[in-house]
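Let's take a look at how the strands and helices of this chain fit together. Have a scroll through the sequence and the picture first.

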Amino acid sequence: MDEFETIQRLFAPLGRSEPGAFGLGDDAAALAPAPGQDFVLTKDAIVGGVHFFPDDPADAVAAKLLRVNLSDLAAKGAVPRAYLLAAGFPADLDGAWMEGFARGLGDDIGHFGGALVGGDTVSTPGPAFFSLTAIGEVPSGTMIRRAGARPGDLVCVSGTIGDAALHVAHRLEGRAVQGAEHLERRYRFPEPRLALGRALRGVARAACDISDGLVADLGHICEQSGVGAVIEAAKLPLSPAAAASIAADAALLETVLTGGDDYELVFAAAPDSDLAALSAITPVTVVGRFEEGHGVRVLDGAGSALKLSRTGWRHAVGTKEAGA
Ligand SMILES: [Mg+2]
């Protein structure tokens, strides 16, 4: 299959809902934001052996590529509109893998919304790599920033923390975990919190998605907001699998605090915010407070500061990156 056939057969159907994609048959797409909306643009790239395991199923790799980008849109309060894909497939790649990738991407775009409006596929002598640009929309001027948290605001997180990092620790370091299947599913298919993100417009003073680890990503909000934060480890929302894993090996608490790939949201909310309304969408837990100063402090159950040996390792091979 040559490149034109690949694009037409596998990827053109993913753009059908967007007239400005011109069936992926033109050099470029033409889009305007809906009246009164801003475009919100983000990009994340993933590389085989770095951000996903080479034997991860093709549809899971595609889902993860889309979802890590959707997670950034969610953190900004945006609704997905369009995507641009660059795909580097190894020259010796089996055609069935490429089809599985396109199917996984199409299924997820169908589920989460938006349309593929362009991109490029190339053959590479290296590992598979994929880069996606995601374009979302928010009412003009309402994109939630990392800047804006104030001392006294609540530190809130969505869902549960640490499942994906425990999967990586299990797979790469052989750490013993409980509920391994749940942890693996959370790693492969993170759930972008799009509905919660929309509800955070006008409520969250600052927000970020948790891709690099809770401590590191909360640190990004602190840095951009010019504040510090303190979190209480005992308040972390944990899945039954993560709680059981930590109960059996207390050292895994640090993995949960500093590991990446959760794709939950961490945000600042005023103390009188209606968190029950947010929790009706996705469970939200208050894990601490913003304070004067800088950096993130973590307290254990006795109120003593935990010393963390690392604050944010990203993705499968533990490459330290300044991710967005
Ligand atoms: Mg992010």
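In what sense do strand β2 and strand β4 pair, and over how many bridges? Keep in mind that this is a predicted model.

## The sheet

Strand β2 covers residues 79-90 and strand β4 covers residues 129-139. The two pair in the antiparallel sense, over nine bridges. For a spot to look at, find Pro-80: it stands opposite Gly-136 in β4.

Now zoom out. The sheet is open and has four strands, lined up as β1-β4-β2-β3, with mixed pairing. At the edges you'll find β1 (37-47) and β3 (115-124), and each of those pairs on one side only. On average, neighbouring strands here are turned by 10° against each other, if you ignore direction.

## Helices across the sheet

Helix α2, made of residues 58-75, lies across β1, β2 and β4. It runs at about 140° to β1. Helix α3, residues 95-112, lies across β2, β3 and β4 and runs at about 170° to β2.

## Where the helices meet

The axes of α2 and α3 are 7 Å apart, and the helices pack at an angle of about 40°. That makes them oblique to each other, and α2 passes α3 in a right-handed crossing.

Which residues meet there? From α2 they include Val-61, Leu-65, Leu-66 and Leu-70, while the α3 side includes Trp-97, Phe-101, Leu-105 and Ile-109. Sort the residues of this contact by type and you get twelve nonpolar, two polar and three charged. Among the residues that meet are also Asp-59 and Arg-67 in α2, and Asp-108 in α3.

Methods
Residues are numbered from 1 along each chain as its sequence is written. This is a predicted model: local features need pLDDT of at least 70, side-chain atom pairs count only at pLDDT 80 or more; totals for chains, interfaces and linings use all residues. Side-chain values use heavy atoms; hydrogens and water are left out. Two strands pair if DSSP finds at least two bridges between them. Axes are lines fitted to C-alpha atoms, for helices over the stretch in contact, and angles run from 0 to 180 degrees between N-to-C directions. Contact means heavy atoms within 4.5 Å. Angles under 35 degrees count as roughly parallel, over 145 as roughly antiparallel, 65 to 115 as roughly perpendicular and the rest as oblique. A crossing is left-handed if the near helix is turned anticlockwise from the far one by less than a right angle, and right-handed if clockwise. Ala, Val, Leu, Ile, Met, Phe, Trp, Tyr, Cys and Pro count as nonpolar, Asp, Glu, Lys and Arg as charged, and the others, Gly among them, as polar.
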